[in-house]
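User: I'm new to this one and would like a close look at a single part. Could you take me to the place where the aromatic rings gather, and then show me what surrounds it?

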Amino acid sequence: MNQHFSTLTLDHAGLGLPPGRYALPSEAAARFHAQTAGLDPEPFAAHLLEHYTGKRPVTELTEAERRFLRGELQEQVDEWRQAALDYFDAHVPLRFAKAAPDAVARNWAGRVAAAPHDTRSLLLAGPVGVGKTHYAFSALRAVAETGSTVRWQAYTAANLYAALRPRDDRRADADYESIAHAPLLFLDDLGAAKHTEWAEEVTYRLVNDRYERCLPTIFTTNVVPGQLGAAVGDRVASRIAEMCERVTLKGADRRKKVAA
């Protein structure tokens, strides 16, 4: 069975599993399972083959066939989840390593894992110190917890501009593409850096590339509603308004509470 279909990207939403390139159970494994379960191995294996070739949707598999497939593939999801959590632990700043997602972050992460190009980005807005960066990293943790193999990058706006500032070597374009085309990007403190024509153009290029490619992005900003255009340019603000779900965080400055 798996001679020509050893790894395929299949839609396993009906099994409660994220889409991905799964190593498919062999025909021998399917037949053996059917026999030990007291089922006819011929249609059991044939139905799975039809599913692999796109001729039989998961909804038309029997419950026994779905249960077998789910069990065989779940181990791979568990491995992906551990790899994603290891990636998160290796790249998250220490201060945010224990960021715990809430229901809204988990819901968004589930959509990113299932259909990243169909999921709107996040704009986390609110005054200084209310926990926007913490919330953003909690959403990235939630993505890892789904078992998604999506890899993320995170930059403050200031660090982004420093990384992309013009220089003599030829890596500038490659560095830009690595950031702009990242499967998942977190850009912190949008609008906080000094407003210059160069910074506005870089921000526009980045946001527009991600807008056109439908790549999920998390933005945080201290800029109050209605003033984002003045901070980053109307072209950027317009695209962010269309591509993002807005989450407003409220409260007192947590840093001042700690200092007190």
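Which residues form one aromatic cluster?

Analyst: Six residues make up that one cluster: Tyr87, Phe88, Phe96, Phe137, Trp152 and Phe186.

A word on what you're looking at. This is a predicted model, so local features need pLDDT of at least 70 and side-chain atom pairs count only at pLDDT 80 or more, while totals for chains, interfaces and linings use all residues. Residues are numbered from 1 along each chain as its sequence is written, and side-chain values use heavy atoms, with hydrogens and water left out.

Now the rings. Searching the whole structure turns up eight aromatic pairs; rings of Phe, Tyr and Trp (its six-membered ring) pair if their centres lie within 6.5 Å, and planes under 30 degrees apart count as stacked, over 60 as edge-to-face and the rest as tilted. Take phenylalanine 88 and tryptophan 152: their ring centres are 6.0 Å apart and the planes sit at 55°, so this pair is tilted. Because phenylalanine 88 belongs to helix α3 (residues 63-91) and tryptophan 152 to strand β4, the pair ties together parts 64 residues apart in sequence. (Helices, H or I with at least four residues, and strands, E with at least two, are DSSP runs numbered from the N terminus.) Phenylalanine 88 and tryptophan 152 are both buried, where buried means under 20% relative accessible area, exposed over 50% and partly exposed in between (1.4 Å probe, protein chains only).

Then there's phenylalanine 96 with phenylalanine 137, a stacked pair with 5.3 Å from centre to centre and 15° between the planes. Distant parts of the chain meet here too: phenylalanine 96 is in the loop between α3 and α4, phenylalanine 137 is in helix α5, and they are 41 residues apart. Both phenylalanine 96 and phenylalanine 137 are buried.

Some of these rings lead straight to a sheet. It is an open sheet of five strands in the order β4-β5-β6-β3-β7, with parallel pairing; two strands pair if DSSP finds at least two bridges between them. At the edges are β4 and β7 (244-248), each pairing on one side only. On average, neighbouring strands of this sheet are turned by 15° against each other, direction ignored. For such angles, axes are lines fitted to C-alpha atoms (for helices, over the stretch in contact), and the angles run from 0 to 180 degrees between N-to-C directions. In general, strands of a sheet pair through backbone hydrogen bonds, either parallel or antiparallel.

You can follow the cluster from strand to strand. Five bridges hold β4 and β5 together in the parallel sense, and tryptophan 152 stands opposite leucine 184 in β5. Helix α5 (residues 132-145) packs on the sheet, touching β3 (121-125), β4, β5 and β6 (217-221), and its direction makes about 170° with that of β5. Contact here means heavy atoms within 4.5 Å. Next, β5 pairs with β6 in the parallel sense over three bridges, and phenylalanine 186, one of the cluster residues, stands opposite isoleucine 218 in β6.

Strand β6 is worth a stop. Five of its five residues are buried. In a regular strand, side chains alternate between the two faces of the sheet. Both faces of β6 are covered, with Thr217, Phe219 and Thr221 buried on one side and Ile218 and Thr220 on the other. Four bridges join β6 to β3, again running parallel, and leucine 124 is opposite threonine 220.

What else lies on this sheet? Helix α10 (residues 234-243) lies across β3, β6 and β7, at about 90° to β7.

Two other aromatic rings have charged company: the charged end of arginine 235 sits over the ring of tyrosine 204, 3.8 Å from its centre, and arginine 239 lies over the face of tyrosine 211, at 5.8 Å from the ring centre. A charge sits over a ring if NZ of Lys or CZ of Arg is within 6 Å of the ring centre and within 35 degrees of the ring normal.

To step back, the protein chain has 11 helices and seven strands, and 45% of its 260 residues count as buried. Its C-alpha trace spans about 70 × 45 × 30 Å along the principal axes. Of the contacts between residues at least 6 apart in sequence, 77% join residues at least 24 apart.
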